[in-house]
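Walk me through this structure, one region at a time. Keep the cut-offs explicit.

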Amino acid sequence: MSGALAAAVLAAGCAPLLAPPYAADYEALDRLEAARPGMVALAKAQPTDPEEPVNTVQLRRAKLLSPSGSFAQYLQDALMRDLSEISVYDPKAPTRIAARILVNDIDLGVINGTGRMDVEVTVTRDNAQRLRKTYRAETAFDSSYANIVAVPAGQAAYPRLVRALLRKVYADPQFVAAIGR
């Protein structure tokens, strides 16, 4: 049914598409939880303006939009879900994670599509900076010259791109140390 819906949307022209829901990487979360992080809060992910270029992803003529209103909010929601999953999220915690999306792109290509996301992550505790680092994730997926195949493939690739980015963040010893107890 979703294929028929995508075909109808593509036939209609440039209607926007929503990014699919984020799904956690439980192996990465298990490793992070095993490191025994402290409680963390989240600052508002940036940029919040839906008109910012990183908050709209072009899939040829179609726009991929975040169901959260912005891709910064999509990323923040993913972080909150992950950290809540391992019971370390507390909005009042003195350790705070801030994220700023610098690059957010899905390229459908002709045969192979790619995605790239660069995010600057800052961790502070009691207003003292413990980490400031840019993480990059890249993903690849089968695509096609035909929009009817390529656009849904790019749409489906977006949550995998976010998962790949967060997997890198959670596996980084510097990040783990910054959120440690």
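V110 is exposed, because its relative accessible area is 51% and exposed means over 50%, buried under 20% and partly exposed in between, with a 1.4 Å probe and protein chains only. V110 sits in the loop between β5 (95-107) and β6 (112-125). Helices (H or I, at least four residues) and strands (E, at least two) are DSSP runs, numbered from the N terminus. Together with I111 and Y145, V110 makes a nonpolar surface patch of about 390 Å². Patches take residues with over 30% relative accessible area and no salt bridge; like charges are joined within 9 Å, and nonpolar side chains (Val, Leu, Ile, Met, Phe, Trp, Tyr) within 5 Å. Areas come from the Shrake-Rupley method with a 1.4 Å probe, and for residues only the protein chains shown count as cover.

This is a predicted model, in which local features need pLDDT of at least 70 and side-chain atom pairs count only at pLDDT 80 or more, while totals for chains, interfaces and linings use all residues. Residues are numbered from 1 along each chain as its sequence is written, and side-chain values use heavy atoms, with hydrogens and water left out.

V110 also has S144 as a contact. S144 lies in the loop between β7 and α4. Its relative accessibility is 18%, so S144 counts as buried. Leaving aside neighbours within four places in sequence, S144 is in contact (heavy atoms within 4.5 Å) with R60, G109, V110, I111, V149 and A150. One of these, V149, belongs to helix α4 (residues 147-171). V149 is partly exposed, at 43% relative accessible area. From V149 to R96 is 53 residues in sequence and 41 Å in space, C-alpha to C-alpha.

Another S144 contact, R60, leads to a hairpin. β3 and β4 form this hairpin with two residues between them, and R60 in the turn has a positive phi of about 55°. Strand β3 (residues 57-59) runs antiparallel to β4, and three bridges join them. L59 stands opposite A62 in β4. On its other pairing, β4 runs parallel to strand β1 (residues 17-18), with two bridges. There L17 has L64 as its bridge partner. Two strands count as paired if DSSP finds at least two bridges between them.

The result is an open sheet of three strands, in the order β1-β4-β3, with mixed pairing. Which strands stand at the edges? They are β1 and β3; each has a single partner strand, so one side of each is left without a neighbour in the sheet. Strand β4 (residues 62-65) has two faces: A62 and L64 are covered, whereas K63 and L65 are uncovered.

Now the interior. A nonpolar core is a set of buried Ala, Val, Leu, Ile, Met, Phe, Trp, Tyr and Cys residues joined through side-chain atoms within 4.5 Å. The largest one has 53 residues, and Y158 and F175 have the most contacts inside it. Helix α4 gives the most to this core, with 12 residues. Beyond its neighbours within four places in sequence, F175 is in contact with I97, V121, V123, L131, Y135, V169 and Y170.

T139 is in strand β7 (residues 128-142). Is T139 buried or exposed? T139 counts as buried, because its relative accessibility is 17%. Again leaving aside neighbours within four places in sequence, T139 is in contact with G113, T114, G115 and L161.

Charged pairs come last. A salt bridge is a side-chain nitrogen of Lys or Arg within 4 Å of a carboxyl oxygen of Asp or Glu. By this rule there are six salt bridges. One joins R167 and D25, at 2.4 Å from N to O. The pair links distant parts of the chain: R167 is in helix α4, D25 is in the loop between β1 and α2 (26-34), and they are 142 residues apart. R167 is partly exposed at 33% relative accessibility. D25 counts as buried, at 14%.

R116, D118 and R136 are linked in a network of salt bridges. R116 and D118 have their closest N and O atoms 2.6 Å apart. For D118 and R136, the closest N and O atoms are 3.1 Å apart. This second pair links strand β6, where D118 lies, with strand β7, where R136 lies, across 18 residues. D118 is buried, with a relative accessible area of 7%. Its partners are partly exposed: R116 at 29%, R136 at 39%.
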